[in-house]
Amino acid sequence: MRQWLAPAIPGSRLMGWLGPLLVTLFAGVLRFYDLGKPRAVIFDETYYAKDAYALLKFGYEHNTVKNADSLLLQHPPNLNIWGTGGSFVAHPPAGKWLIAIGEWMFGMNPFGWRFASAVIGTLSVLILARVARRMTRSTLLGTAAGLLLALDGMELVTSRTAILDIFVMFWILAGFACLVIDRDRTRAALAAKVMETGNESEFGPFVMHWWRLAAGLCLGTAVATKWTGIYYIAAFGIMVLIWDIGARRAAGVRQPYAGGFLLDAVPAFVSLVVVSGVTYLAWWSGWIFNAGGWGRGRVSGNPITAFVQAMPRLWDYHQQMWHFHTTLTVKHDYQSWPWNWMFLKRPVAFYYTEPSGCGASKCSREVLGIGTPAIWWISIITLLVIAGWWLVQRDWRAGAAVAGFLAGWLPWFYFGLGHRTMFLFYATPMLPFMVLSIVLVMGMLIGPADAVPIRRVMGAAACGAYVLLVLANFYFLYPILTGQILPYDAWHSRMWFDSWI
């Protein structure tokens, strides 16, 4: 029963870490190399780099002078950038607190404000490689998942820019990884209890899901970075309840549905909703316990009184934030709609100049926020394949990948129909689940260990050829992902569609 509910992961533990760590090292080199270049305030760094620095100085976001960006780019940086009063912000503070760590360590410069993004983007590769290995029971497929994420253009660009979306992706992925670990461990514990005592209760035994508490911390931090994380809490909450009911059915429990709702649903709600809510509030501590933040007013010297006093004002603040998000319809040159994202129809120019020094009459230098087409376009097919596989076979891995993708994609249709301004990089949290869909299809092509040898050879060859295609595609786009100076013709050859310009 233990093997049926939670089969062991085959292979060497050493190789299970070595492969993921190697691709993580590769990802780290790509993300940290020349991280301080271009020496500029790129796209939305104009908000988040300064907000993060304000959190260090005041504990809350603070207004800055109009020429703050140019002051920060002086040699040495001129840090006299503060205006008067707290600043209204559209997103919670968690991601900005993480950006602030890099600024505290390395100073208020491009490397400092991008450092945390690079760390988080690199660690995401390791987490995905390990969770894919656990899901597929294959070190090869897990390592392939990490490599594909490392080679995605959008993951690279958001890892080298001080914006929030890479942090949202990381915490959602970390929360998902905790849930997958919890699934293995609690199914093993359930099997042990059933084998020890039998199904004395028609609902089955109670099993404590400790890793779901960690998932709640991660998902709460995702919401405290951008509110879009809340859709993952809802999707993952339904997902784990389905897992729990399935585990009780597999263990032969007489009333698996009732057992799941009675013994698992309430603890799951506490872990994923209550813990997330407490975590979310904790990230607002700087605003709650310091006077001067937007709408905060005076703060009591008693922490309990200050907290109680802050809640109605924090609620008012959140209503203002919600109004901002639901009425933001200002047209932008690089805006796009969620139904276009997977086709990469309209990427975002994070940075573009026409410098000299490339040896041609006209030069271009760009940081283009775009995914690697060989990953994004093939994932359209693989997501459809695994969605069909889940419908036919009820494979939990396929269902989990589809649920993670849809939780990051479908909610934007509501805002898109209202013509809310949005951008391609909002799709960043979907990336790990797109990659999971690809490696799950790779596993189908290669087949199980006892498959016909010719199938495994041909399947492995096809998967290897695909990874090489991704590598070549990424290598070709790399100069416009990292702001390298190119002759205009070389730059233009990488603009495959007019909508990319």
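Start with helix α11: of the elements lining the largest pocket, α11 gives the largest share, nine residues. Keep in mind that this is a predicted model. From that pocket we'll move on to the cavities, the salt bridges and a small sheet.

**The largest pocket**

- How much space lies in the largest pocket? About 1100 Å³.
- Its lining is made up of 32 residues, and those nearest the centre of the pocket are Arg183, Trp243, Arg394, Asp395 and Trp396.
- Helix α11 has company here: α1 (2-5), α6, α9, α11, α16 (373-393) and α17 are the elements that give two or more residues to the lining of the largest pocket.
- Sorted by class, the lining of the largest pocket holds 21 nonpolar, three polar and eight charged residues.

**The cavities**

- Rolling a probe the size of a water molecule over the atoms is a handy way to see where empty space is left.
- How many cavities of 30 Å³ or more are there? The count comes to four.
- The largest cavity holds about 110 Å³ of space.
- Among the residues lining the largest cavity are Arg183, Arg187, His209, Arg212, Trp243, Asp244, Arg248 and Asp264.
- Two elements, α9 and α11, give two or more residues to the lining of the largest cavity.
- Which classes of residue line the largest cavity? You'll find four nonpolar, two polar and six charged residues there.
- Look for two names that turn up twice: Arg183 and Trp243 line the largest cavity, and Arg183 and Trp243 are also listed among the residues nearest the centre of the largest pocket.
- The second largest cavity has about 80 Å³ of space.
- Its lining includes Asp165, Lys226, Tyr231, Tyr232, Trp412 and Tyr426.
- For the second largest cavity, α9, α11, α17 (396-409) and α18 (411-417) each supply at least two lining residues.
- By class, the lining of the second largest cavity splits into eight nonpolar, two polar and two charged residues.

**The salt bridges**

- Side chains of opposite charge can pair when their charged atoms come close.
- How many salt bridges does the structure hold? There are 12.
- One of them joins the side chains of arginine 114 and glutamate 45, at 2.9 Å from N to O.
- This pair links distant parts of the chain: arginine 114 sits in helix α6 (residues 110-136) and glutamate 45 in helix α3 (residues 45-58), 69 residues apart.
- Is arginine 114 buried or exposed? Arginine 114 is buried, because its relative accessible area is 0%, and buried means under 20%.
- Glutamate 45 is buried too, with a relative accessible area of 1%.
- Another salt bridge brings together the side chains of aspartate 184 and arginine 137, at 3.2 Å from N to O.
- Here too the pair links distant parts of the chain, with aspartate 184 in helix α9 (residues 165-197) and arginine 137 in the loop between α6 and α7 (139-150), 47 residues apart.
- Aspartate 184 counts as buried at a relative accessible area of 8%, and arginine 137 is buried at 17%.
- Next up is the salt bridge between the side chains of aspartate 165 and lysine 226, at 3.0 Å from N to O.
- Aspartate 165 lies in helix α9 and lysine 226 in the loop between α10 (210-223) and α11 (229-250), so this pair ties together parts 61 residues apart in sequence.
- Both aspartate 165 and lysine 226 are buried, and Asp165 and Lys226 also appear in the lining of the second largest cavity.
- Which residues do salt bridges with shared partners join into one network? They are Arg134, Arg137 and Asp184.

**A small sheet**

- Strands of a sheet pair through backbone hydrogen bonds, either parallel or antiparallel.
- This open sheet has three strands in the order β3-β4-β5, and the pairing is antiparallel.
- Which strands form the edges? They are β3 (348-353) and β5 (485-487), and each pairs on one side only.
- From one strand to the next, the twist averages 40°.
- Strand β4 (residues 363-369) and β5 run antiparallel and are joined by three bridges.
- If you want one spot to find, try cysteine 363: its bridge partner in β5 is proline 487.

Technical notes:
Residues numbered from 1 in each chain as written. Predicted model: local features only at pLDDT ≥ 70, side-chain atom pairs only at ≥ 80, totals over all residues. Heavy atoms only, no water. Salt bridge = Lys/Arg side-chain N within 4 Å of Asp/Glu carboxyl O. Helix = DSSP H or I, 4+ residues; strand = E, 2+ residues; numbered from the N terminus. Buried < 20%, exposed > 50% of the residue type's maximum accessible area, 1.4 Å probe, protein only. 1 Å grid on protein atoms, 1.4 Å probe; cavity = no way out; pocket = protein on both sides within 12 Å on 5 of 7 lines; lining within 4 Å. Points joined across faces, edges and corners; volume = space filled by probe spheres on them. Nonpolar A, V, L, I, M, F, W, Y, C, P; charged D, E, K, R; others polar. Pairing = 2+ DSSP bridges. Axes fitted to C-alpha atoms, helices over the stretch in contact; angles between N-to-C directions.
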